[in-house]
Amino acid sequence: MKLSVVDTERCVGCQSCMFACSRRQGEAGIARTCIGVRSAGGMERGFVVIVCRACNDPPCAKVCPTGALKPRRGGGVRFDITKCTGCGHCRDACPIGCVFWDDEINKPMICIHCGYCAQFCPYGVLKLER
Amino acid sequence: MLQDDTLANVLYIDLSKKHFWIEKRQDLFDKFIGGVGVATQLLHEECPKGADPLGPENPIIFAVGPLTGLFPLASKTVAMFKSPHTGNLGESHCGGRSAIAIRMAGYGAIVIKGASNTPLYLAIHNNRIYFRDASSLWGIGSCITVGRIIRENEPAAGLRTIMRIGTAGEKLVSYACVTTETYRHFGRLGLGAVFGSKKLKAIVISGKRSLPISDTKLYQKVYDEIYQAATGSPVMKKYHGLGTAENILPLNEFGGLPTRNLEKAKFEGALDISGETFAEQYLGRRLACSHCPVGCIHIAALREPYGDELYFYKTSMFSYDFEPIYALGSMLGVSEPKGFLKLMEQIEVLGLDVMSTGVVLAWATEAQQKGIISKKETMGIKLSWGDHTAYMDTVSLIIKQPNEFFEALSCGVEHAASLYGGQDYALAFGGNEMPGYHTGPGAHIGVLIGARHSHLDNAGYSIDQKAKIKENLGSAEELAESLLAEERWRQILASLVICFFARGIYQPDVVLKALHLTGFDVTPEALLGIGEEIHKEKYRFKTREGFSLDKLRLPKRILETPSPLGKLDEKFIHRAIEYVKKSLSK
């Protein structure tokens, strides 16, 4: 299963998905969120939804020097935090900006495609698909 | 409050000394929750008696609440200041990304003091505070452009609020607003002029953090309940559907829509400026405030040819709501949707409070028709109902203030009528221009006694509408008591900074459940007690600054034009005010 951004034009920018992602990880607030919503240059132009698109050949894994990020079956990556040195190559490698960063522990935060955020998207922007 | 909650952090910024510091004010948040409760106390602390609203001694206070960032719809920021418009309590609420940004930056409140000599804007990114030169932004014609420039200069897209003023605030128009995220406003009572007096062009605030919670499992459960209610309830669907503009037609049918400076309460052009018309013909997009799944913000798209060249168009997008449609539509007899939208755009670009502007223009129109003022005062402009181009010319001159008349208009209708006459139809209550309800005595008494003279203080119009259905208004005392009870409860909602649209969801039991998760345990009775105390504290400020319920002016017009509940009885209104006076002095 993987998370899919169906149609950003349906997004109203409520950011409920961002809060949901943090909650899914047992936290409140947005520090832990692995999804981002921002305007596309002024809200009148709509929104950009930034979230891992589960690449089949993920560049973030390709540049990881310690093997902390490994390609996941069905797309995207698995993250082994014990191997991560926080070098930040993964963040630089993702052209979409989907590798979010936890400044407190200096480690990446990466979507696990659980689909919890989609449950809190009232307008059908996000969907968990096969 | 939970031990490690950053809500207790109050950020103090001194614009004179370009200096800032943070104080832990758990004392205030423990006692007054947050939002309006805490901001009122900070106003008492920071605003000296008799302060000049446009002097450096007038503080600007922003506050959010414990549920902000934790639960949906706790998404408003409360601003408090001494109002340059009324010379008394200034309070205005705004959504957009403001509340989440302040909470995520790590603050429960921000106090801005002093004044800068030269234009600047503040950038608050977590615990880093920057005083940025805004000399090049001062005087830019459109506050939308100012937003764009700051957007491109500052980090944290999606995680920030950009509050800014337009030229109305720079020119100290007493009803200038502060705009956030292009489409939301600290609209009423002139916060924009207070910004302008401090040479403060804008504030950008951003942050990203986790918030403490007492019980993660229970948190998710309570969150889900509130979220389901917010997305599933018919009331919230209404706000998302046509938005507040949905009320135009029913209110007009009801006979409570102020029309042509309230010469009537029914507008023959209502259908043309209804929520239905705008949705079908102009709605371009709907937006939401941060952490609110409702998405009530309606943005119209207006495509217009330039006229000097074939196929050369511009498409402008700006928000509409019930109140702007009343103020610039029915109140001015404007039934042409494009005319309304153009006027709306101009007011958005200049950064004026749309409600006050509409009422000022309505008074000026009637004053000119009655011969109190002539074309000499208006510098050749002939004002007539429905003529949006004449209104646009007038608005430009309210900003420029080329003569005494336009200077007077820039101070609001109460002031203008005190100089030129026409008080009987100068529709201000407690110095603030009226909202779009002539539903009965509840609406007007509510605004008269409301601490900020806003329809949102106690929703008197709603009491009128219910009374009409029941065909029983009750006594003046009963009405006054209902208004007071509603206003006291709203102090709790405004301390939690819950959007009033969600007042049906955040009933006392839900509020207590949510508060429990933030380490704030209180009995239902004690909660109501806090609401009552905050209300009294606001009145304590008002009284200190010279407000008296005895001095309220009642524009005769509201007694002349029949409401859906019949003609208003002056004695009934005075009895209600008398009751409020007694109740507040207890």
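In which sense, and over how many bridges, do strand β10 (residues 178-180) of chain B and β11(B) pair? The two strands pair in the antiparallel sense over three bridges, where pairing requires at least two bridges found by DSSP. This is a predicted model, in which local features need pLDDT of at least 70, side-chain atom pairs count only at pLDDT 80 or more, and totals for chains, interfaces and linings use all residues. Residues are numbered from 1 along each chain as its sequence is written, while chains are lettered from A and ligands numbered from 1 in the order in which they are written.

**Sheet in chain B**

- An open sheet of six strands (DSSP E runs of at least two residues, numbered from the N terminus) has the order β8-β7-β12-β9-β10-β11, with mixed pairing.
- β8 (128-133) and β11 (184-186) of chain B each have a single partner strand, so one side of each lacks a neighbour in the sheet.
- From one strand to the next, the twist averages 20 degrees (between N-to-C directions of axes fitted to C-alpha atoms, on a scale from 0 to 180 degrees).
- Within the β10-β11 pair, B:V178 stands opposite B:F186 in β11(B).

**Contact between chains A and B**

- Chain B gives 32 residues to the contact and chain A gives 24 residues; residues are in contact if their C-beta atoms, placed from the backbone, lie within 7 Å.
- α7(B), a helix (DSSP H or I run of at least four residues), gives the most to the side of chain B that touches chain A, with six residues.
- Strand β2 (residues 28-29) of chain A runs antiparallel to β13(B), joined by two bridges.
- A:G29 stands opposite B:S210 in β13(B).

Key
Contact = placed C-beta atoms within 7 Å.
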